[in-house]
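Hi,

Here's the structure I said I'd pass along. Have a look, and my notes on what turned up are just below.

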Amino acid sequence: MDLDAIEARANEATEGPWSAEIHYHRATGEPVLFEVHPVAELEGNGDGGTVTAADAEFVAAARMDVPALVARVRELEAENQRMRDSIASRIVKEEQRVQQEIAKEPLNSRLAGLLFGLQRGRDIVTSGARDIAKEEK
């Protein structure tokens, strides 16, 4: 997947929003013409305007670009979740280690602070930073 090429096609195409229209045969009711065009073109002169070569390339490539982009986003989301799970697991192990030390030295404020920080880190990793930020407001 060539992200630079996809981005270039999107940048060269007419700004959105875009519209898709289906025209039907009057006698049979079967679809006979499919149009895709920027909405602004319709508003400009009422006849659907002119689709540029860049617009046509953008539309034609979208059939391959969109599935590739969706697959990549899903791959990155899964990787992100694996990383969050790994970090959360490490934090939990460190929490357990610190709790064992606190059990030996219950009045050790350094350890209590460290435990609090680990618990906040775990909360951020497992719940998401936005949820934590909302709680703090």
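Met1 comes out as exposed in this predicted model, because its relative accessible area is 51% and the cut-off for exposed is over 50%. It sits in the segment before helix 1.

So who does Met1 touch, once its neighbours within four places in sequence are set aside? The contacts are Ile6, Ala68, Leu69 and Arg72. Take Arg72: 71 residues separate it from Met1 in sequence, yet the C-alpha to C-alpha distance is 9.0 Å.

Met1 is also part of a nonpolar patch on the surface, together with Leu3 and Leu69. Between them, the three have about 280 Å² of accessible area. Leu3 belongs to helix 1, which covers residues 3-12.

Now for the aromatics. How many aromatic pairs does a search of the whole structure find? Just one. It's Trp18 with Phe58, in a tilted arrangement: the centres are 6.0 Å apart and the planes make an angle of 50°. The pair ties together distant parts of the chain, with Trp18 in strand 1 (residues 18-24) and Phe58 in helix 3 (residues 53-104), 40 residues apart.

Are those two rings' residues buried or exposed? Neither, as it happens: Trp18 is partly exposed because its relative accessibility is 25%, and Phe58 is partly exposed too, at 29%. Both values fall in between the limits, with buried meaning under 20% and exposed over 50%.

Cheers

How values were computed: Residues numbered from 1 in each chain as written. Predicted model: local features only at pLDDT ≥ 70, side-chain atom pairs only at ≥ 80, totals over all residues. Heavy atoms only, no water. Patch = residues over 30% accessible without salt bridge, like charges linked within 9 Å, V, L, I, M, F, W, Y side chains within 5 Å. Areas by Shrake-Rupley, 256 points an atom, 1.4 Å probe, with all protein chains shown as cover. Salt bridge = Lys/Arg side-chain N within 4 Å of Asp/Glu carboxyl O. Helix = DSSP H or I, 4+ residues; strand = E, 2+ residues; numbered from the N terminus. Buried < 20%, exposed > 50% of the residue type's maximum accessible area, 1.4 Å probe, protein only. Contact = heavy atoms within 4.5 Å. Phe/Tyr/Trp six-rings, centres within 6.5 Å; stacked < 30°, edge-to-face > 60°.
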